Amino acid sequence: MKTINNINFDTTIRVLFKIKEKKGHKTLQETYKYLSDPDMEIDNVLDVVLISYNIANKDKPLTEEGLQDLFAEHKIGFAKISLIFKEIIEDVMFDGTTEEERKNLMTQAETMLKK
């Protein structure tokens, strides 16, 4: 769980599995590649942020419109949404690792994506 601008987001592996399910990916590797796409469209970024929010706030899930309202209330613009997405994904991918382990895992992931 991570709190950004007083909003809770889930940053556990649950997010990865929920994205896999929603996008119809057959493997987690497909989902990892999807999340690693540097050219991901903003609609997909918002999808991930919404999934993370709804897992963290099961008692009060939002629709896309509700998320828009929440961001407007908290004065969260486009650039901040991108940063929130980045923080969610980094935590989902590297939760519980040291900086050294993160570097090693990033190297391994880059090698895996090139295959």
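**Entry 1: an odd phi**

In which loop is Lys75 found? I looked this up first, in what is a predicted model. Lys75 sits in the loop between helix 4 and helix 5. I stopped there because most residues other than glycine have a negative phi. Lys75 is not a glycine, yet its phi is positive, at about 55 degrees. I also checked its surroundings: Lys75 is exposed, with a relative accessible area of 76%.

I then went looking for a companion and found Asn5. Its phi is near 55 degrees, again a positive value in a residue other than glycine. Asn5 belongs to the loop between strand 1 (2-4) and strand 2. With a relative accessible area of 32%, Asn5 is partly exposed.

Two glycines went into the margin as well. Gly24 follows helix 1 and has a positive phi near 75 degrees. Gly96 comes just after helix 5, with a positive phi of about 85 degrees.

**Entry 2: the overall layout**

I stepped back to see the whole chain. I find 6 helices and 2 strands, and from the N terminus on they run β-β-α-α-α-α-α-α. Taken along the principal axes, the C-alpha atoms fill a box of roughly 40 × 30 × 25 Å.

How does the radius of gyration of the protein chain agree with that of a compact globule? For 115 residues a compact globule would have a value near 13 Å, and the protein chain has 14 Å, so the two agree. Buried residues make up 35% of the 115 residues. Among contacts with a separation of 6 or more, 60% join residues 24 or more positions apart.

**Entry 3: the nonpolar core**

Which residues touch the most other members of the largest nonpolar core? I noted Phe9, Leu35, Val49, Phe71, Ile84 and Phe85, out of 26 residues in that core. Strand 2, helix 1, helix 2, helix 3, helix 4 (64-73) and helix 5 each give two or more residues to this core. Helix 3 supplies the largest share, 7 residues. A general reminder to myself: in soluble globular proteins, nonpolar side chains tend to be buried together.

I followed Phe85 a little further. Leaving out residues up to four places away in sequence, Phe85 touches Leu35, Met40, Val45, Val48 and Val49.

**Entry 4: one aromatic pair**

My count of aromatic pairs came to 1. Phe9 and Tyr53 form this pair, edge-to-face, with 6.3 Å centre to centre and 70 degrees between the planes. Phe9 lies in strand 2 (residues 7-9) and Tyr53 in helix 3 (residues 42-56), so the pair ties together parts that are 44 residues apart in sequence. Both Phe9 and Tyr53 are buried.

Ser52, also in helix 3, caught my eye next. At 0% relative accessibility, Ser52 counts as buried. Setting aside residues up to four places away in sequence, Ser52 touches Phe9, Asp10, Val15 and Ile88.

**Entry 5: helix 1 and its buried side**

In helix 1 (residues 13-23) I listed Val15, Leu16 and Ile19 as the buried residues. They cover an arc of only 100 degrees around the axis, which puts them on the same side of helix 1. This brings to mind that an α-helix has 3.6 residues a turn, so residues three or four places apart point the same way. What do the buried residues of helix 1 pack against? I found helix 2 (28-35), helix 3 and helix 5 there.

**Entry 6: helix 5 and its aspartate**

Helix 5 (residues 78-94) has 17 residues and reaches 24 Å from its first C-alpha to its last, close to the 24 Å expected at 1.5 Å a residue. Its buried residues are Ile81, Ile84, Phe85, Ile88, Ile89, Asp91, Val92 and Phe94.

I lingered on Asp91. The cut-off for buried is under 20% relative accessible area, and Asp91 counts as buried at 17%. Which residues is Asp91 in contact with, leaving aside its neighbours within four places in sequence? I noted Lys2, Thr11 and Arg102. I also checked Asp91 against Asp10: the two are 81 residues apart in sequence and 9.1 Å apart in space, C-alpha to C-alpha.

Methods:
Residues are numbered from 1 along each chain as its sequence is written. This is a predicted model: local features need pLDDT of at least 70, side-chain atom pairs count only at pLDDT 80 or more; totals for chains, interfaces and linings use all residues. Side-chain values use heavy atoms; hydrogens and water are left out. Rings of Phe, Tyr and Trp (its six-membered ring) pair if their centres lie within 6.5 Å; planes under 30 degrees apart count as stacked, over 60 as edge-to-face and the rest as tilted. Helices (H or I, at least four residues) and strands (E, at least two) are DSSP runs, numbered from the N terminus. Buried means under 20% relative accessible area, exposed over 50%, partly exposed in between (1.4 Å probe, protein chains only). The expected span of a helix is 1.5 Å times one less than its number of residues. The arc is that of the directions from the helix axis to the C-beta atoms. Contact means heavy atoms within 4.5 Å. A nonpolar core is a set of buried Ala, Val, Leu, Ile, Met, Phe, Trp, Tyr and Cys residues joined through side-chain atoms within 4.5 Å. The radius of gyration is taken over C-alpha atoms; the globule rule is 2.2 Å times the number of residues to the power 0.38.
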